[in-house]
Amino acid sequence: MAPEVQKLEEPYLLLPNHYGRYDPFIIAYFLFPYYKPANFVSSDAILRDRIYGKLFRGLGAIPKKKGVRDTQVIREMVKVIERGNPVALFAEGSRSWSGVNNYIDPSIAKLIKLFKVPVVTAKMKGASVFDPRWSERLRRSRLEIDYKLTLSKEEIDSMSEEEVMKKLLPDIEHDDIEYLKNSKVIIKSNRRAEYIEKILFQCPECNSYEGFDSYHNRFACNACGYRAMVNKRGFFTSKYNKIYFNNTRDWLNWQNSNFVSFVSQKWQVKPEKSLFYATGLRFQKAEGYAPMEEIGKGAALFYYDRIVFKIKDKKIEFPISEIDSLSAQHQERVELNVGETAYRFTSLMHKEPGLKWEIAINTIWFNTDQKFKLSPYLKNLFEEKSGVDLSYLKNKWSTNMEF
């Protein structure tokens, strides 16, 4: 812990990088001896959870709807600071899928200039194997956190927004894959590959999107049987097949780019059949910030222009143009918002890749001139894929920023 952080006696803005569901508790734990607990800005979806919701509320969590206009959250943050408490948020907006931090919207600098309080960063290292996005349990391994007073009040007053970002980014951005290559981190677990199919859904051997099935340290393609395993250092190896990618970062970069092309091609053809679907799902619904209510079990189908829920003998159709946001939440359940109503579906087997649904709908939005709905962390993917500059979407903190 940096001495200048320990000596802080005034409210501050805490900006950590983001890998696991327990990040707020871990980060807050090491700060607690020195200062009041920070009030974390959290997704309203996690606050609806019976167990995690209570824990987050215990930290004074401030609810934020993902991907939709929610200016009330800024007013709530100001109130917390005025009471003398620190506020914490994940500037990336979403947990890292690959081990590399997600896109950080430069409009976070506007918030820093607005609050006029010191900025403390917390860079986690090794978190992508300690609590990876796909896993449903923590693993025993080494985790480092670098706390740093990145910006003082005096620096913030004298800097432009561009200068604030230039000073801030190096203390948040982190490539955990490169860190793990050069570290001695060992994962003490025999379930190192369990549920990795939540993020990997294209096979590099047969190129199908049929997904994988995992068991303990191994996983295999549902279409061709291609097999690989996760070793004790978090990298992919195999005794039976060629290793195309030995880490999640490179595999996801390849897969996600391919899937954008696949969905775009289907959108151009406009087929009658669904592009993909999922069965064995549990459906829920909530109004505003109310708890989720059960609406049945069934299947979900993704078409080029709509998403369809099949629940027993009835269908619920959501035109993609009318969906305000869609994101993969905790345990990769998929949640979409239409106005003030949130709909959620969760795989009963805990194996459906929410990332697949999020990339697909973002691709349709990109191709139908609804780019303002794009998930912030996917903007770089679409910029690289299309060559289209999306910088004009990067200064809408109050409308598109996610947590």
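These are my notebook entries on the fold, one sheet and the aromatic rings of a predicted model.

**Entry 1, the chain as a whole.** I began with the inventory and found 14 helices and 17 strands in the chain. Of the 403 residues, 59% are buried. I then looked up how far along the sequence the contacts reach: among those between residues at least 6 apart, 64% join residues at least 24 apart. The accessible surface comes to about 17,500 Å² for the chain, and carbon and sulfur atoms account for 49% of that area.

**Entry 2, one sheet.** I followed an open sheet of four strands, whose order is E7-E8-E9-E10 and whose pairing is antiparallel. Its edges are strand E7 (212-215) and strand E10 (236-237), each of which pairs on one side only. Inside the sheet I checked E8 (residues 218-221) against E9 (residues 227-230), and these two strands are joined in the antiparallel sense by three bridges. For Ala220 I noted the bridge partner in E9, which is Arg227.

**Entry 3, aromatic pairs.** I turned to the rings and obtained a count of 26 aromatic pairs. One of them, Phe201 with Phe259, is edge-to-face, with 5.1 Å centre to centre and 70 degrees between the planes. Phe201 lies in the loop between helix H10 (176-181) and E7, while Phe259 belongs to helix H11 (residues 248-269), so this pair ties together parts that are 58 residues apart in sequence. I looked up the burial of each ring residue as well: Phe201 counts as buried because its relative accessibility is 1%, and Phe259 is buried with a relative accessible area of 0%.

As a second case I took Phe366 and Phe382, a stacked pair at 5.2 Å centre to centre with 20 degrees between the planes. Phe366 sits in helix H12 (residues 354-367) and Phe382 in helix H13 (residues 379-386), and the pair links these distant parts of the chain, 16 residues apart. Both Phe366 and Phe382 are buried.

**Entry 4, a cluster of rings.** I asked myself which residues form one aromatic cluster together with Phe201 and Phe259. The members include Tyr209, Phe262, Phe276, Phe283, Phe302 and Phe309, and I also listed Phe318, Tyr343, Phe345 and Trp357 among them.

**Entry 5, charges over rings.** Lastly I searched for charged side chains above ring faces. Lys371 lies over the face of Phe366, at 5.0 Å from the ring centre, and Phe366 is the residue I had already noted as stacked with Phe382. Arg133 lies over the face of Trp97, at 3.7 Å from the ring centre.

Methods: Residues numbered from 1 in each chain as written. Predicted model: local features only at pLDDT ≥ 70, side-chain atom pairs only at ≥ 80, totals over all residues. Heavy atoms only, no water. Pairing = 2+ DSSP bridges. Phe/Tyr/Trp six-rings, centres within 6.5 Å; stacked < 30°, edge-to-face > 60°. Buried < 20%, exposed > 50% of the residue type's maximum accessible area, 1.4 Å probe, protein only. Lys NZ or Arg CZ within 6 Å of the ring centre and 35° of its normal. Contact = heavy atoms within 4.5 Å. Areas by Shrake-Rupley, 256 points an atom, 1.4 Å probe, with all protein chains shown as cover.
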